[in-house]
Amino acid sequence: MAFQPTPADISVIITTPAAGSSAEPRFLTERRVTPTWTIVQLKSKLETMTGVPPSCQRLCLKSPGGPDQWLEGDDSTIGQWGLMKGCEIEVHDSRPRSTRPNFTDLSSVDKYVLPTSTYEALPNSVLAWKKNQKLGRFDPSTVSPEEAMRSQASKDIGEIEQRGIAVNKRAIVLPSSPPHVRRGTIRFVGPVPTIPIPGVEPNLAETDPTACPVWVGIELDEPLGKNDGSIGGKSYFVCPNKTGVFVKPEKVKIGDFPPLGLDDWDDEMEEI
């Protein structure tokens with residue numbers, strides 16, 4: 001009897017049909033397939049990848065340069081269908097969509113929630129390590145978010161006085177370099193409680209706005225901003241949409257910056 005070599009495995013792309021109008025498949029992976037596998041054997045292996053039971057699978061073989069083929073006959077081998085490198089096997093689920101399990105909906109999955117007291121008592125948790133290393137909120141030298149907020153407010157006031165920032169003065173937003181220079185007129189200087197502060201409760205900023213960091217509201221000459229002088233549902237100054245911007249005092253440079261005219265734009269373009 002002549003020696004029969006074992007067929008070499010072939011690398012195949014395994015996919016499932018795209019959902020809706022999406023062009024991307026919902027599942028995509030690359031696996032090695034033995035040509036002597038029967039369709040039944042192949043389906044059993046595909047179940048572990050796609051979650052579709054073998055009895056509900058319809059397999060479509062897509063060959064490079066060839067027509068798509070529906071694999072029929074569970075006892076036939078995959079090699080008989082012209083399996084080659086570069087092929088794709090698309091796994092279709094014949095079950096009605098309403099009967100398919102939804103593995104992406106985690107709301108119906110029972111979850112174990114570790115009580116906070118139990119976690120804090122664990123000796124080998126990340127929390128215990130932070131306590132031992134005195135990191136984060138366990139560092140005695142760490143200031144609270146409220147203290148950091150007040151410190152920033154004091155720093156901002158110093159920057160405003162040093163830079164001569166005031167309403168109606170002309171300014172540019174730093175960093176700026178031609179031709180990307182954002183210039184405009186200052187319309188607001190003060191705290192903006194509607195801008196969230198990490199680690200600080202919003203109601204604290206509302207009840208004590210003087211402790212909030214200071215912002216500079218600028219009406220830009222061009223629509224290069226982000227708002228119309230409103231932020232968080234509250235208006236601090238009025239300007240056309242997309243011309244308003246709020247920046248920190250250290251990002252503001254006061255000076256004689258007149259609005260650019262057409263001649264100025266011609267000069268800017270000649271330097272590009």
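**A CAP-Gly segment and a paired set of strands**

Over residues 214–248 the chain is 43% strand and 0% helix, and the C-alpha atoms at the two ends lie 7 Å apart. This stretch is the one that the UniProt annotation "domain: CAP-Gly" covers, according to an unreviewed entry. The model discussed here is a predicted one, and that is worth keeping in mind throughout.

Stepping back to the whole molecule, the protein chain contains six helices and 12 strands. Among these strands, β5, which spans residues 88–93, pairs with β1, residues 10–15. The sense of this β1–β5 pairing is parallel, and three bridges make it up. One residue pair can be picked out in the structure above: Ile14 has Ile89 of β5 as its bridge partner.

Strand β5 also pairs with β3, which covers residues 57–62. Here the sense is antiparallel, and the pairing runs over six bridges. For a reader following along residue by residue, a handy place to look is Lys62, whose bridge partner in β5 is Glu88. Strand β5 thus takes part in a parallel pairing with β1 and in an antiparallel pairing with β3.

Some totals for the protein chain round off the picture. Of its 272 residues, 32% count as buried. Among contacts with a separation of 6 or more, 56% come from residues 24 or more positions apart. The accessible surface of the protein chain comes to about 17600 Å², and carbon and sulfur atoms account for 55% of that surface.

Definitions and conventions. Residues numbered from 1 in each chain as written. Predicted model: local features only at pLDDT ≥ 70, side-chain atom pairs only at ≥ 80, totals over all residues. Heavy atoms only, no water. UniProt positions renumbered as here; feature names shortened; annotations may be inferred. Helix = DSSP H or I, 4+ residues; strand = E, 2+ residues; numbered from the N terminus. Pairing = 2+ DSSP bridges. Buried < 20%, exposed > 50% of the residue type's maximum accessible area, 1.4 Å probe, protein only. Contact = heavy atoms within 4.5 Å. Areas by Shrake-Rupley, 256 points an atom, 1.4 Å probe, with all protein chains shown as cover.
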